[in-house]
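Have you ever wondered how the words in a structure description are earned? Let's go through some of them together, one question at a time.

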Amino acid sequence: GGVVLEGRDIGTVVFPNAEVKFFLTARPEVRARRRHLELIAKGGVVPSFEETLTDVIRRDEQDTQRKVAPLKRAHDAILVDSSDIDLDQTVATMIDRVRQRTTDPKA
C-alpha cells in the first residue's frame, strides 16, 4: 500500500495483486510525436519522425511478443488512453480513478 510503481510488467508479473493498476496507452503516432519532441529538446542527432514512429511500433511488437513477461494489460487494470489528453489530464484521470477504486473496490 501507498506505493506507486511503473513498468511494463508491474501489474501482471511483479505485483499482480496490487490494489489499483493502470494500463497507459496512446496511439503510436502520438507516442512517436512525444518521443520525437523529447529527442529534439535533448539536442544532438535526432532521427526523423518517421524513424521514431518505426522504432515505437517495432518496440511495441517486440514487447508484446516476447516470451518472458510480455506487454499486456492486466485483466483488472484501468485503461487510460492519453492520445488526446495532456499530462495534467492524464494524472487527474488516474487520481480520480484511484479515489473511486479505494472508496468503492467494485469501481
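The questions below ask why certain labels apply here.

This is a predicted model, in which local features need pLDDT of at least 70, side-chain atom pairs count only at pLDDT 80 or more, and totals for chains, interfaces and linings use all residues. Residues are numbered from 1 along each chain as its sequence is written, and side-chain values use heavy atoms, with hydrogens and water left out.

Q: Why is H36 called buried?
A: Buried means under 20% relative accessible area, exposed means over 50%, and partly exposed is in between (1.4 Å probe, protein chains only). H36 has a relative accessible area of 15%, so the label buried fits.

Q: Where does H36 lie?
A: H36 is part of helix α2, residues 28-42. Helices (H or I, at least four residues) and strands (E, at least two) are DSSP runs, numbered from the N terminus.

Q: Which residues is H36 in contact with, leaving aside its neighbours within four places in sequence?
A: They are V46, P47, S48, F49 and T52. Contact means heavy atoms within 4.5 Å.

Q: What makes D84 and R27 a salt bridge?
A: A salt bridge is a side-chain nitrogen of Lys or Arg within 4 Å of a carboxyl oxygen of Asp or Glu. For D84 and R27 the N to O distance is 3.2 Å, which meets that limit. This pair links distant parts of the chain: D84 sits in the loop between β2 and α4 (87-103), and R27 in the loop between β1 and α2, 57 residues apart.

Q: Is D84 buried or exposed, and why?
A: D84 has 64% relative accessibility, so D84 counts as exposed. Its partner R27 has a relative accessible area of 39%, and therefore R27 is partly exposed.

Q: How do you know that R35 forms a salt bridge with E38?
A: The closest N and O atoms of R35 and E38 are 3.1 Å apart, which fits the cut-off. Both residues lie in helix α2, 3 residues apart, about one turn of the helix. R35 is partly exposed because its relative accessibility is 35%, and E38 is partly exposed because its relative accessible area is 43%.

Q: How do you know that strands β1 and β2 pair?
A: Two strands pair if DSSP finds at least two bridges between them. Here 4 bridges join β1 (residues 22-25) to β2, and the strands run parallel. L24 stands opposite V80 in β2.
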